[in-house]
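This report looks at the salt bridges of one structure and at where the residues that form them lie. The sequence and the model are shown first.

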Amino acid sequence: MQRRHFLILGSLLGASPYIEAKAQSAFSKKFENVKSTIAAVQEHMFPQGSKIPSAREMNTIRFLFETVEHKSYDKDIRAFVLEGAQELIDREKGKFNTMTAAEKEKALRGFEETNYGRNWLSRIMTLTMEGLFSAPVYGSNQKEAGWKALSAYGGEPKPTVRYVAL
Amino acid sequence: MTTVKYDVVIVGSGASGGAVAYTLAKAGYKVAVLEKGRLLKREEFSKDELAYCRRDIVTPSLFDEYHVIEERVDGKWESTPTYDSGWSFWNGNVVGGSSNFMSGMLHRMHPDDFRLKSKYGAIEGANVVDWPISYEEMEPYYLQAEELVGISGKYQKHPAEPPRSTADFTQPPTNENAVVKLLDKSCRELDITPLVTPRAVLSRDKGHRNACYYSNFCGSYGCSSGAKGSSREALLMPALATGNLTLKSNTYVKSLHTSRKDAVDYAVVVDTISGKEEKIYAKMFVVAAQAHESARLLLNSANALHPNGLGNSSGELGKNLVFSAGGSGEGELHEDSLKEIKFEELMQTGLFVNRSILDWYFIDHWWDGKFKGGSVEFMFEHQNIISRARKNNEENGKMVWGTVLGEKLTERFTKSKKIRFEIFNDWLPNDNCFVSLDKNHKDKYGMPVGKLRLEGHPQDLKVGKYIAKKCEKVLEEMGAQNVYSSVSSAPPQNLVAGGCRFGNDPKTSVLNKYCQSHDVANLFVADASFMPTGGSVPYTWTIYANAFRVADHIKKKLKAL
């Protein structure tokens with residue numbers, strides 16, 4: 001299946017248009033509107049008290065923003081990250097962030113029932129795991145906490161600069 | 001007035017381009033290697049999973065450069081640009097090409113692989129032909145590659161193991177994980193002979209290259225000790241040291257220009273940084289851009305003298321692509337049920353599995369019948385952390401998250417280890433596996449992109465499934481759990497061959513036995529394009545060996561000029 005079709009298939013809004021993120025600054029502004037919701041989803045997926053480091057503790061929202069915002073990142077997925085978050089906000093009538101854990105679980109499982117929601121949640125999980133388990137230079141595997149939790153360590157030499165600087 | 005600065009221009013710096021450059025530069029000829037990608041030096045490589053395995057750092061962005069893939073869906077051919085599917089057919093576009101990132105499991109092809117049709121007969125729907133050369137002609141070059149590239153291993157006599165002109169490898173095998181004790185014992189229980197895998201990784205220091213330091217992240221990554229036998233480390237660096245090689249990285253070749261029918265005058269190139277276009281003249285031109293891209297370049301070089309593409313009087317250019325494929329499978333070795341070895345030994349990182357099975361290379365069985373089979377490599381699951389974690393976040397069709405995910409991941413990473421097998425059998429050349437030019441799509445340099453029609457032959461699947469069942473039994477004998485295999489007709493894109501098959505008849509082949517164009521005397525194609533069939537092994541060793549053979553011939557031609 002073609003990637004763009006895959007991304008939008010089952011959208012709750014049907015033919016909802018892509019959000020055009022033509023410039024990084026434009027993306028930054030739009031991201032601010034959905035940042036807390038994406039962070040709340042990450043924290044629900046990777047909560048405190050788990051055997052792996054929490055999203056909040058590792059500041060994975062920052063990793064997600066820096067990754068998706070960069071010009072080298074796929075522009076369609078960049079738009080999809082924003083659009084999916086907005087759909088979750090709309091679907092839950094703006095209340096997702098203030099829900100209890102049980103309510104968030106119900107809301108996200110409901111979102112997961114749709115192809116669109118599942119794809120978006122999967123993308124958020126991938127971006128969060130990339131932060132938690134990538135080299136510490138990327139900022140969200142602080143003091144190798146993600147690697148220590150799994151007893152699996154990246155090889156030597158570790159990167160000293162992020163790939164965007166290569 | 002134009003100046004011919006170079007004796008030879010080589011398009012591409014991977015395994016074959018490196019071998020030709022090495023040979024000719026060492027012989028004193030002025031050589032230019034044109035490489036689209038940049039130069040990444042040994043000290044610039046790191047084990048950065050994000051960079052090398054999850055982003056386009058060493059391959060072009062698919063929005064800039066891509067292919068169109070044509071597959072049969074519900075009986076109809078459907079085309080999808082790879083920027084839509086994400087199915088990239090780039091394999092390491094930096095100096096040294098994909099050889100920088102190989103796992104290095106190499107085998108020589110068997111003598112019968114050179115005469116597949118004579119030995120096994122024609123197969124309906126498959127365009128199998130014998131090679132115009134024999135294993136004996138290739139053997140000295142297999143040896144040359146073994147020594148120069150630095151292939152480590154241990155020769156063991158076996159009916160499917162090709163003969164050698166030396167007793168054994170000069171580099172002993174790389175260090176092995178204790179799991180080989182369990183694997184060897186399990187194979188013997190099943191009356192199977194496990195063999196040590198030859199590997200293009202140094203176990204001992206060699207010149208400017210240091211021995212393997214067992215980083216645990218070999219395949220898909222550049223090597224930080226120089227142990228891996230990449231074209232860059234093993235061939236281009238020594239070639240540069242001669243002073244005869246000019247390495248032009250960030251140089252994209254748009255076409256080869258001919259002003260008369262039998263000779264290329266110059267390459268039309270673009271500096272990928274500045275966008276400046278120039279012409280590079282030489283006495284001889286060697287195309288080594290990886291099979292599907294080499295055919296594309298020759299097709300894009302069509303002009304009034306060569307209306308169907310350069311060197312395509314046969315009409316065979318781009319036809320009969322083949323891949324190094326077969327299938328794969330895996331199983332889990334768990335701490336609580338592990339036999340023969342300690343769990344701590346199994347979990348030791350960095351050491352190789354280094355085991356192959358060639359017992360099913362040729363099948364001649366009273367019940368199963370007589371047919372060409374394939375080879376098998378064993379290895380651990382790739383140790384990438386993000387991708388392993390990512391594969392374990394689903395259960396019963398639902399995503400797993402929260403504390404349950406934490407439990408699942410720590411259990412998965414600390415209580416078990418996956419062992420895999422990969423099968424390699426002939427990808428039979430057929431009429432529905434070829435590259436042509438797409439009429440609608442162009443890359444960012446304005447050149448038509450390659451359109452790859454891909455379809456395997458039913459026999460490929462039959463052989464793959466036959467061997468996979470046997471490999472599953474090996475894993476079960478080892479005590480592995482959740483054993484399964486997958487055999488599919490979708491080709492792996494990392495080893496592409498064919499498209500410019502060689503042969504003695506100019507009417508049915510693009511190249512002669514020396515990989516020289518039948519039509520254009522100063523044009524050679526040195527990469528895997530020449531292969532009419534790919535054998536039942538990963539064929540990188542053959543690519544290296546054949547390029548040394550071709551280079552020897554070019555050297556003689558240059559001397560005669």
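## Salt bridges in the predicted model

In this predicted model, the side chains of D443(B) and R296(B) come together in a salt bridge, with a distance of 2.7 Å from N to O. This pair connects distant parts of the chain, since D443(B) sits in the loop between β19 (434–442) and β20 (448–453) of chain B while R296(B) belongs to helix α8 of chain B, the two being 147 residues apart. Both D443(B) and R296(B) are buried; R296(B) counts as buried because its relative accessibility is 4%, and the cut-off for that word is under 20%.

R296(B) also forms a salt bridge with the side chain of E293(B), at 2.9 Å from N to O. Here both partners, R296(B) and E293(B), lie in helix α8 (residues 291–300) of chain B, and they are three residues apart, which is about one turn of the helix. E293(B), with a relative accessible area of 10%, is likewise buried.

Another pair in chain B is E233(B) and R232(B), whose side chains meet in a salt bridge of 3.2 Å from N to O, and both of these residues are buried.

| Salt bridge | Distance, N to O |
|---|---|
| D443(B) and R296(B) | 2.7 Å |
| R296(B) and E293(B) | 2.9 Å |
| E233(B) and R232(B) | 3.2 Å |

Beyond these pairs, a network of salt bridges links E105(A), R109(A), E112(A) and R118(A) with E394(B). Over all chains, the structure holds 47 salt bridges.

Technical notes: Residues are numbered from 1 along each chain as its sequence is written. Chains are lettered from A and ligands numbered from 1 in the order in which they are written. This is a predicted model: local features need pLDDT of at least 70, side-chain atom pairs count only at pLDDT 80 or more; totals for chains, interfaces and linings use all residues. Side-chain values use heavy atoms; hydrogens and water are left out. A salt bridge is a side-chain nitrogen of Lys or Arg within 4 Å of a carboxyl oxygen of Asp or Glu. Buried means under 20% relative accessible area, exposed over 50%, partly exposed in between (1.4 Å probe, protein chains only). Helices (H or I, at least four residues) and strands (E, at least two) are DSSP runs, numbered from the N terminus.
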